Amino acid sequence: MSSPSRTDRPAPDAPIVAVTGAGGAVGGRVARRLARAGVPVRLLGRDPSRLPELPGAVAAPPAPYGDGEAMRRALAGAHTLFLVSAHESPHRVREHTTAVDAAVAVGVERIVYVSFLGAAPDATFTFARDHWHTEAHIRAADVRHTFLRDSLYLAAIPAMTGADGVLRGPAGDGRVAAVAHDDIADAAVTVLLADTDTGGGDGSGGGATRHDGRSYDLTGPEAFTLTEAAEELSRATGRTVTYVPETREEAYASRAHYGAEDWEVAGWVTSYEAIATGEMATVSDAVPRLTGHPATGLADFLRRHPDSYRHLLGTG
């Protein structure tokens with residue numbers, strides 16, 4: 001199915017969906033789609049000024065994931081929690097588990113968690129390990145759950161490319177089936193609507209759905225190398241964009257000028273190394289299966305989002 005376009009007012013007793021990261025790229029898209037479908041939404045975000053104003057939506061007071069008391073207040077009365085992963089940090093798993101525990105404590109019945117493709121305790125991509133530990137905690141909790149395991153974002157491909165027209169990293173000839181934010185949001189809303197009184201679910205407003213206990217790999221329609229990505233960027237921008245493979249040592253050295261902490265640079269570098277190992281090459285049919293429309297490929301994404309590569313125009 002395509003994203004909901006209805007503007008029904010939510011029923012007074014309809015189950016509330018709490019959406020975290022509602023001022024961000026994924027959470028904001030999900031919140032808008034749910035509001036259009038007439039679902040009562042509670043908006044959570046680090047910066048209240050970034051939260052959208054939506055019909056049927058109420059902004060919760062600021063509640064950092066790691067603040068259990070604040071999260072319990074923010075989630076009280078919600079039926080479902082759409083949990084967008086926290087910003088990367090050394091404490092992210094603890095923040096996630098605190099948020100999950102708060103949700104369970106106040107009676108949230110269901111958590112839909114935005115995880116990452118190939119989440120595993122020994123994943124090459126260090127941040128994917130955080131997602132595995134979060135998934136494990138949710139599985140052990142007394143709550144129904146669904147995991148949306150996103151691939152790398154398509155928007156990251158031009159973002160990782162420097163203004164000099166060079167995309168560099170230790171990805172070798174590996175492939176990645178990057179996915180669009182809009183496709184993630186459409187898939188998420190399909191899963192979320194299956195458990196509400198509004199929007200074509202089972203009508204129970206709280207019964208089990210076919211998505212319970214499931215993990216969905218959300219990917220684009222094809223896996224491409226970064227050389228192929230550079231070629232696509234060249235066609236979109238009208239200038240030459242190249243991919244320069246790096247060794248691990250070269251990758252750390254070329255990123256040293258950012259002055260980032262070691263754990264953050266390790267996350268950047270290992271995201272490329274996960275492409276090289278084949279851990280990002282999975283191509284899933286989950287997006288078309290859940291949404292009823294094809295997943296977006298890189299060429300279509302660049303055509304629809306010229307702002308994503310604006311920094312590459314007018315140079316070189």
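Two exercises with worked solutions follow, on the sheet and on a pocket of this structure.

The model is predicted, so local features need pLDDT of at least 70, side-chain atom pairs count only at pLDDT 80 or more, and totals for chains, interfaces and linings use all residues. Residues are numbered from 1 along each chain as its sequence is written, and side-chain values use heavy atoms, with hydrogens and water left out.

**Exercise 1.** Determine the strand order of the seven-stranded open sheet and the place of helix H4.

Step 1. Strands are DSSP runs of E with at least two residues, helices runs of H or I with at least four, numbered from the N terminus. Two strands pair if DSSP finds at least two bridges between them.

Step 2. The order is S3-S2-S1-S4-S5-S6-S8, with parallel pairing. Strand S3 (57-59) and strand S8 (214-218) are the edges, each pairing on one side only.

Step 3. S4 (residues 80-84) and S5 (residues 110-116) pair over five bridges; Thr-80 stands opposite Arg-110 in S5.

Step 4. Helix H4 (residues 126-140) packs on the sheet and touches S5, S6 (144-150) and S8, where contact means heavy atoms within 4.5 Å.

**Exercise 2.** Describe the lining of the second largest pocket.

Step 1. A pocket is an open set of points on a 1 Å grid over the protein atoms alone where a 1.4 Å probe fits, with protein on both sides within 12 Å along at least five of seven lines; lining residues have an atom within 4 Å of a point.

Step 2. Of its 17 lining residues, the closest to the centre are Ala-180, Asp-182, Phe-301, Arg-304 and His-305.

Step 3. Helices H6 (181-193) and H11 (298-304) each give two or more residues; the largest share, four residues, comes from H6.

Note on methods
Axes fitted to C-alpha atoms, helices over the stretch in contact; angles between N-to-C directions.
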